[in-house]
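Here is a short report on one protein chain. It goes from the sheet to the helices and then to single residues.

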Amino acid sequence: MTDLERAGLRLEYHHDGAVAQIALNRPERRNAQSPGMWEGLASLGRELPDTVRVVVLRGEGPSFSAGLDIRAFTPEGIPGEGPALPPGISRPAMADLIAVYQEGFRWLRDPRFTTIAVVHGHAIGAGFQLALSCDLRIAAEDVRFCMKEPALGLVPDLTGTKPLVDIVGLPRALDLCLTARDVYADEARELGLVEKIVKNEDLDGAVDELVTALLKVDAGAARATKALLQQAPGNSLDDQCRAEREAQVLRLVREAE
C-alpha cells in the first residue's frame with residue numbers, strides 16, 4: 001500500500017499532465033477525514049509538478065466527505081494514526097499541530113493552478129471546509145453542506161471561516177455556523193456556495209466542460225489573474241490598480257522577450 005492509499009487518497013493525471021484529479025478514497029466511511037489525510041493532501045500540494053494547471057478534488061462513493069473521522073478524538077485514535085491531538089500536548093504544540101493540518105487545505109488557493117471541488121452527497125464540517133478551500137465548486141442535486149463544528153463544541157479551524165464569510169457575508173456565515181443547519185442544493189446556489197448545480201448523472205460532464213474551458217486560457221495569464229483577484233478584497237482601489245499595472249508589465253515584458 002502506498003502512502004497516498006494509507007492516507008485515503010488517490011491521484012490521477014489527465015490532459016497530458018495539465019489536470020490532477022485527487023479523490024478522497026474512503027467511501028466505506030463516507031470519506032471521513034483524518035490527520036493522515038490532511039498531511040497527505042499537504043504533501044500533494046508540495047509535490048504536484050509544474051505542468052498541473054487544474055486540480056479537481058472529489059470524493060469516491062456516496063459522499064464528498066462526511067467530515068472528521070470521530071475516532072480521531074478518542075484516546076486510541078484512528079487505527080494506524082493515533083489521536084489527532086496527543087494526550088498532554090501543550091497549547092503551543094497544539095496550535096502548531098493544527099497549523100500542520102491546515103496546510104492540507106491552504107495549498108488549494110495557490111495561484112499555480114485553479115482548483116475545483118466536485119461535491120455530491122455530504123459535505124459536512126471538514127468536508128465543507130475542504131470544498132470552500134477550492135476556487136470553484138460544482139455540486140450535484142443531492143449535496144448537503146453543514147458547518148457542524150460549533151454543534152460539537154468546536155470551531156471551524158481548517159481554513160473555512162474566511163472563504164465562508166467572503167462568499168456569503170458575516171450575517172449568513174453566523175447563521176450557518178451557529179445553527180449548524182443543513183444547506184441543500186438550491187440554497188447553496190442562491191448563497192453563492194456553488195457555481196453550478198447539476199443532476200448527479202451530469203456531474204462528470206459538467207466538470208469536464210469547465211476543465212476544458214479553463215485549459216483554453218493562457219496558463220501564465222490565468223495564474224497572474226488568480227493572484228490579482230485574490231488580492232482584491234484586501235486592497236484599496238489605488239492598491240489594486242497598482243497591482244494590476246505591475247502584473248501587466250510583467251506579462252508584457254515576458255511576451256516581448
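Which residues point one way from β3, and which the other way? Val-54, Val-56 and Arg-58 point one way. Val-55, Leu-57 and Gly-59 point the other way. All of them are buried. The model behind this answer is a predicted one.

## Strand β3 and its partner β2

Strand β3 covers residues 54-59. Of its 6 residues, 6 are buried, so the strand is largely enclosed by the rest of the structure. The two-way split of its side chains fits a general pattern. In a regular strand, side chains alternate between the two faces of the sheet.

Strand β2, residues 19-24, runs parallel to β3. The two are joined by 6 bridges. One residue pair shows the register: Gln-21 has Val-56 as its bridge partner in β3. Val-56 belongs to the group that also holds Val-54 and Arg-58, pointing one way from the strand.

## The sheet as a whole

β2 and β3 are part of an open sheet of 6 strands. The order is β1-β2-β3-β4-β6-β9, and the pairing is mixed. β1 (9-14) and β9 (196-198) stand at the edges. Each has a single partner strand, so one side of each is left without a neighbour in the sheet. On average, neighbouring strands here are turned by 20 degrees against each other, direction ignored.

Strands β4 and β6 are next to each other in the order. β4 spans residues 114-119 and β6 spans residues 136-140. They pair in the parallel sense, over 4 bridges. Here Ala-117 has Arg-137 as its bridge partner in β6. As a general point, strands of a sheet pair through backbone hydrogen bonds, either parallel or antiparallel.

## Helix pair α2 and α3

Two packed helices are described by the angle between their axes and the distance between the axes. Helix α2 (residues 35-47) packs on helix α3 (residues 91-106) at about 55 degrees. Their axes are 7 Å apart. The angle makes α2 oblique to α3, because it falls outside the 65 to 115 range for roughly perpendicular and is not under 35 degrees. The crossing is left-handed.

From α2, the contact uses Pro-35, Trp-38, Glu-39, Leu-41 and Ala-42. From α3, it uses Val-100, Tyr-101, Glu-103, Gly-104 and Phe-105. These residues divide into 7 nonpolar, 1 polar and 2 charged.

## Helix pair α5 and α6

Helix α5 takes in residues 161-168, and helix α6 takes in residues 170-179. They pack at an angle of about 125 degrees, with axes 7 Å apart. That angle makes α5 oblique to α6. The crossing is right-handed.

Leu-164, Val-165 and Val-168 make the contact from α5. Leu-170, Arg-172, Ala-173, Leu-176 and Cys-177 make it from α6. The residues of this contact divide into 7 nonpolar, no polar and 1 charged.

## Two loop residues with positive phi

Most residues other than glycine have a negative phi. Thr-159 has a positive value, near 75 degrees. Thr-159 sits in the loop between β7 (144-146) and α5. Its relative accessible area is 17%, so Thr-159 counts as buried; the cut-off for buried is under 20%.

Ala-180 also has a positive phi, near 50 degrees. Its place is the loop between α6 and β8 (183-184). Ala-180 is buried, with a relative accessible area of 10%.

## Ala-84 and Arg-254

Is Ala-84 buried or exposed? Ala-84 is buried, at 4% relative accessible area. This residue lies in the loop between β3 and α3. Leaving aside neighbours within four places in sequence, Ala-84 is in contact with Pro-35, Ala-72, Phe-73, Leu-97 and Tyr-101. Pro-35 and Tyr-101 also take part in the contact of α2 with α3. The C-alpha atoms of Ala-84 and Pro-27 are separated by 21 Å, and the two residues are 57 residues apart along the chain.

Arg-254 lies in helix α10, residues 237-256. Arg-254 counts as exposed because its relative accessibility is 54%, and the cut-off for exposed is over 50%. Its C-alpha atom is separated by 49 Å from that of Arg-181, 73 residues apart along the chain.

Terms used: Residues are numbered from 1 along each chain as its sequence is written. This is a predicted model: local features need pLDDT of at least 70, side-chain atom pairs count only at pLDDT 80 or more; totals for chains, interfaces and linings use all residues. Side-chain values use heavy atoms; hydrogens and water are left out. Two strands pair if DSSP finds at least two bridges between them. Axes are lines fitted to C-alpha atoms, for helices over the stretch in contact, and angles run from 0 to 180 degrees between N-to-C directions. Angles under 35 degrees count as roughly parallel, over 145 as roughly antiparallel, 65 to 115 as roughly perpendicular and the rest as oblique. A crossing is left-handed if the near helix is turned anticlockwise from the far one by less than a right angle, and right-handed if clockwise. Contact means heavy atoms within 4.5 Å. Ala, Val, Leu, Ile, Met, Phe, Trp, Tyr, Cys and Pro count as nonpolar, Asp, Glu, Lys and Arg as charged, and the others, Gly among them, as polar. Buried means under 20% relative accessible area, exposed over 50%, partly exposed in between (1.4 Å probe, protein chains only).
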